[in-house]
Amino acid sequence: MTMQDDDKELEAFFDAARRTAPQPSADLVARILAEAEAAQPKAAPTPERAPWWRSLLEGLGGAPAIGGLLTATVAGLWIGAAQPFGLEPLTYVPWGVTDLTDDTFGGYADLSLVDG
Amino acid sequence: MSDPTPMTDEALLVAYANGDPRAAADLTQRLAPRVLAHAARLLGDQAEAEDVTQEAMVRLWRIAPEWRQGEAKVSTWLYRVTANLCIDRQRKSGRTAPLEAAGDPADEPPGTEASLIAAERAKALQDALDTLPDRQRQAVVLRHIEGLSNPDIAAVMDIGVEAVESLTARGKRALKVALAGRKEELGYDDAG
């Protein structure tokens, strides 16, 4: 009996071991897959494409900026459309005075004289 | 056959970590039989080998998100985990040698003469493996049954390649001695 014969016989045993290897039962596979599912990190959700108006809104600075913009717009419209009642006395009174004297401006009509 | 370029174990593990629902099934189909067979040969007990297989695969799922690609083979890592789990079980149970041979073979159809001979030879080999020291048994199983290369075995066992060669050589010699007395009953004769 040579060493090669010994190796050949031993290889027959190894081959038998490979061919008769135990296989995982269906129950074992099911348990492994259940644990795999429980341990699996969840895939990151695919980001949805934002609607055009949202990107426009965000480009302008978001909701607070839009609020300020609307307020300024309304205020501007009001200022432009309303009669300027508050300015009437300031504009009307000086031009309504027909006889302007030094007293009209409290004696300081010519301020250049004050500084000398 | 159906897929000319199958994904590597590592690619599947990365896919699993990224949430691919198919990856776990593919990895299980590919790796669980090898883990079970290895555990059965180291432990010699089918039920315990199944428990070890389940635990080893759980550890694989857990390591997946942290797996460092290119550093180690998945199969090598899994063989090492399996061997460590087997050693832990043997230590806890206070034994270092397997109690009995692994469970029923699944590949061979039962009843045929060839399958009976294969089963008897596998049983005789397992009995002989059980007489080896743990490290010799592990090295011989990885080299001659699982078919790993010596460098891969060295990585699994955390030893040098020369130490692997020494362990497998001594293991084979011991197996030949252990099996010498059973050749006749297993269908061998002196003529070869």
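Is B:R68 buried or exposed? B:R68 is exposed, with a relative accessible area of 55%. Here buried means under 20% relative accessible area, exposed over 50%, and partly exposed in between (1.4 Å probe, protein chains only).

This is a predicted model: local features need pLDDT of at least 70, side-chain atom pairs count only at pLDDT 80 or more, and totals for chains, interfaces and linings use all residues. Residues are numbered from 1 along each chain as its sequence is written, chains are lettered from A and ligands numbered from 1 in the order in which they are written, and side-chain values use heavy atoms, without hydrogens and water.

**Exercise 1.** Find the salt-bridge partner of B:R68 and state its exposure.

Solution.
- Apply the rule: a side-chain nitrogen of Lys or Arg within 4 Å of a carboxyl oxygen of Asp or Glu.
- B:R68 pairs with B:E71, at 3.0 Å from N to O.
- B:E71 is exposed, with a relative accessible area of 58%.

**Exercise 2.** Show where A:D7 and B:K172 meet and what the pair joins.

Solution.
- Their side chains form a salt bridge of 3.7 Å, N to O.
- A:D7 lies in helix α1 (residues 3–19) of chain A and B:K172 in helix α8 (residues 161–180) of chain B, so the pair joins two chains.
- Helices are DSSP runs (H or I, at least four residues), numbered from the N terminus.
- A:D7 is partly exposed, at 28% relative accessible area.

**Exercise 3.** Place the salt bridge between A:R31 and B:E50, and give the exposure of each residue.

Solution.
- The closest N and O atoms are 3.6 Å apart.
- A:R31 sits in helix α2 (residues 26–39) of chain A and B:E50 in helix α3 (residues 46–63) of chain B, so this pair joins two chains.
- A:R31 is partly exposed, with a relative accessible area of 27%.
- B:E50 is buried, with a relative accessible area of 14%.

**Exercise 4.** Describe the interface of chain B and chain A.

Solution.
- Start with contact (heavy atoms within 4.5 Å). Chain B supplies 48 residues and chain A 30 residues.
- Next, the area: about 3,500 Å² is buried between the chains, 65% of it on carbon and sulfur atoms. Buried area is the accessible area (1.4 Å probe) that two parts lose on being put together, summed over both.
- Then count salt bridges: three between chain B and chain A, against 16 over all chains.
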